Amino acid sequence: MNIFIIGATGFVGGALARHLSAQGHKVTGLARTTSAAAALASQGITPVAGDLDEHRPTVVEAARDADTVVYAAQAGPEQETATVRDLVRTLTGTGRTLLFLSGSGVLVQRTAGAWSPDVFAEDDPVTPEPLAAYRKAAEDTVRAAAQDGLRAMVIRPGLIWGPGDHGHVSMVYRSVAATGTACYVGEGLNTYSHVHIDDVTRLFCLALEKGRPGGLYHAVAGEIPNRWIAERVAADLGVEARSLTPQEAAGVWGEFGALVMAVSGRIRAVRARQDLGWQPRHTDMLTMIGEERLRRLATPAG
């Protein structure tokens with residue numbers, strides 16, 4: 001199969017590109033720079049020079065030549081909206097496959113560190129987080145295209161962890177460098193469902209194999225309150241765990257990072273399990289605690 005991955009140099013797209021290439025598929029990947037192109041080529045992935053701004057027509061042309069297109073980019077709202085629109089318009093009626101990587105950030109709740117009882121399966125109605133409204137709109141555009149001769153699906157994982165991630169565990173380690181303590185927001189009982197990168201990759205492959213047009217598939221293996229993460233990091237480094245106000249959190253992680261660390265985002269993977277037979281193999285995100293790459297983040301710069 002000829003598979004074109006937009007976002008092949010990123011965390012999820014890169015893992016997927018390497019996996020599919022190892023399975024014998026012909027994989028091409030978008031590369032915005034010559035160094036990115038060289039990195040892809042060294043992994044046996046054919047680079048396509050382009051971007052989601054001025055050179056978007058090149059991206060759309062590469063999509064037209066593929067059997068399957070995977071959108072796994074981390075782009076801004078305007079670039080993502082325009083790219084999804086162009087991809088759907090180009091691929092409609094072809095019977096080809098389009099997989100769109102979203103995330104449970106579209107449905108998070110701003111709880112300021114408090115626990116929420118709400119947990120969402122794929123078919124449950126959601127009120128989009130305002131900052132992610134464009135992403136929910138892109139999801140809807142992709143899924144609606146399945147009615148017009150396009151095998152279009154959405155993959156919506158929780159917090160993705162694994163080698164090289166930049167998720168909540170790494171953010172808590174970074175808070176130690178900034179404050180000398182392992183930090184969480186408010187009560188720290190807010191919970192973000194999580195899933196390992198290898199399990200996300202397997203879900204993509206199952207969707208390629210037997211996903212239904214218009215399908216939405218969650219990926220989740222467990223959930224851990226942020227305070228528990230901070231307490232484990234504190235124990236690893238021999239420091240205290242500490243609650244921050246939202247204002248203090250902005251000083252540690254920036255405004256957006258503080259928001260990420262204060263929300264609740266709980267999901268269930270009902271369709272992924274029932275329709276695709278997906279089961280996570282990695283269920284304990286806290287197994288990362290103590291990794292040297294993370295401990296280095298706790299060292300103040302300079």
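Here is a stop-by-stop tour of the model you have open.

Before you start clicking, note that this is a predicted model, where local features need pLDDT of at least 70, side-chain atom pairs count only at pLDDT 80 or more, and totals for chains, interfaces and linings use all residues. Residues are numbered from 1 along each chain as its sequence is written, and side-chain values use heavy atoms, leaving out hydrogens and water.

**Stop 1: the whole chain**

Show everything as a cartoon. The chain has 11 helices and 14 strands (DSSP runs numbered from the N terminus: H or I over at least four residues for helices, E over at least two for strands). Along the principal axes, the C-alpha atoms fill a box of roughly 55 × 40 × 35 Å. The radius of gyration is 19 Å, which agrees with the value near 19 Å for a compact globule of 302 residues (taken over C-alpha atoms; the globule rule is 2.2 Å times the number of residues to the power 0.38).

Now switch on a surface. About 12900 Å² is exposed, with carbon and sulfur atoms supplying 51% of it (Shrake-Rupley, 1.4 Å probe, and for residues only the protein chains shown count as cover). Of the 302 residues, 54% count as buried; buried means under 20% relative accessible area, exposed means over 50%, and partly exposed is in between (1.4 Å probe, protein chains only). Take the contacts (heavy atoms within 4.5 Å) with a separation of 6 or more: 80% of them come from residues 24 or more positions apart.

**Stop 2: the seven-strand sheet**

Select β3, β2, β1, β4, β5, β7 and β11. In that order they make an open sheet with parallel pairing (two strands pair if DSSP finds at least two bridges between them). The edges are β3 (46-49) and β11 (216-219); each has a single partner strand, so one side of each is left without a neighbour in the sheet. On average, neighbouring strands here are turned by 20° against each other, direction ignored. Axes are lines fitted to C-alpha atoms, for helices over the stretch in contact, and angles run from 0 to 180 degrees between N-to-C directions.

Add helix α3 (residues 56-64), which packs on the sheet and touches β1 (2-6), β2 (26-31), β3 and β4. The direction of α3 makes about 155° with that of β1. Next add α7, which also packs on this sheet, touching β1, β4, β5, β7 (151-157) and β11. Its direction makes about 160° with that of β7.

**Stop 3: two rings in the middle of it**

Zoom in on β4 and β5, which pair in the parallel sense over four bridges. Which residue of β5 is the bridge partner of Tyr71? The partner is Phe100.

Show both side chains. The aromatic pair count comes to one, and here it is: the ring centres of Tyr71 and Phe100 are 5.3 Å apart with planes at 20°, so the pair is stacked. For the cut-offs, rings of Phe, Tyr and Trp (its six-membered ring) pair if their centres lie within 6.5 Å; planes under 30 degrees apart are stacked, over 60 edge-to-face, and the rest tilted. Tyr71 sits in β4 (residues 68-71) and Phe100 in β5 (residues 97-101), so the pair ties together parts 29 residues apart in sequence. Tyr71 is buried at 1% relative accessibility, and Phe100 is buried at 1% too.

**Stop 4: the three-strand sheet**

Pick β8, β10 and β12, an open sheet in that order with mixed pairing. The edge strands are β8 (159-161) and β12 (222-225), each pairing on one side only. Neighbouring strands are turned by 40° against each other on average, direction ignored. β10 (residues 191-196) and β12 pair antiparallel over four bridges, and Glu223 in β12 is the bridge partner of Ser193. Bring back α7 (residues 197-210): it packs on this sheet, touching β8 and β10, at about 70° to the direction of β10.

**Stop 5: β9, β13 and Asn226**

Select β9 (residues 182-185) and β13 (residues 241-244), which run parallel and are joined by four bridges. Tyr184 has Ser243 as its bridge partner in β13. Ala182 and Tyr184 point one way from β9, Cys183 and Val185 the other way, and all are buried.

Then click Asn226, in helix α8 (residues 226-237). Asn226 is buried, at 1% relative accessible area. Leaving aside neighbours within four places in sequence, Asn226 contacts His168, Tyr184, Gly188, Asn190 and Met261.

**Last stop: Ala112**

Finish in the loop between β6 (109-110) and α5 (133-144), where Ala112 is found. Its phi is near 55°, a positive value in a residue other than glycine. Buried or exposed? Ala112 counts as partly exposed, at 46% relative accessibility.
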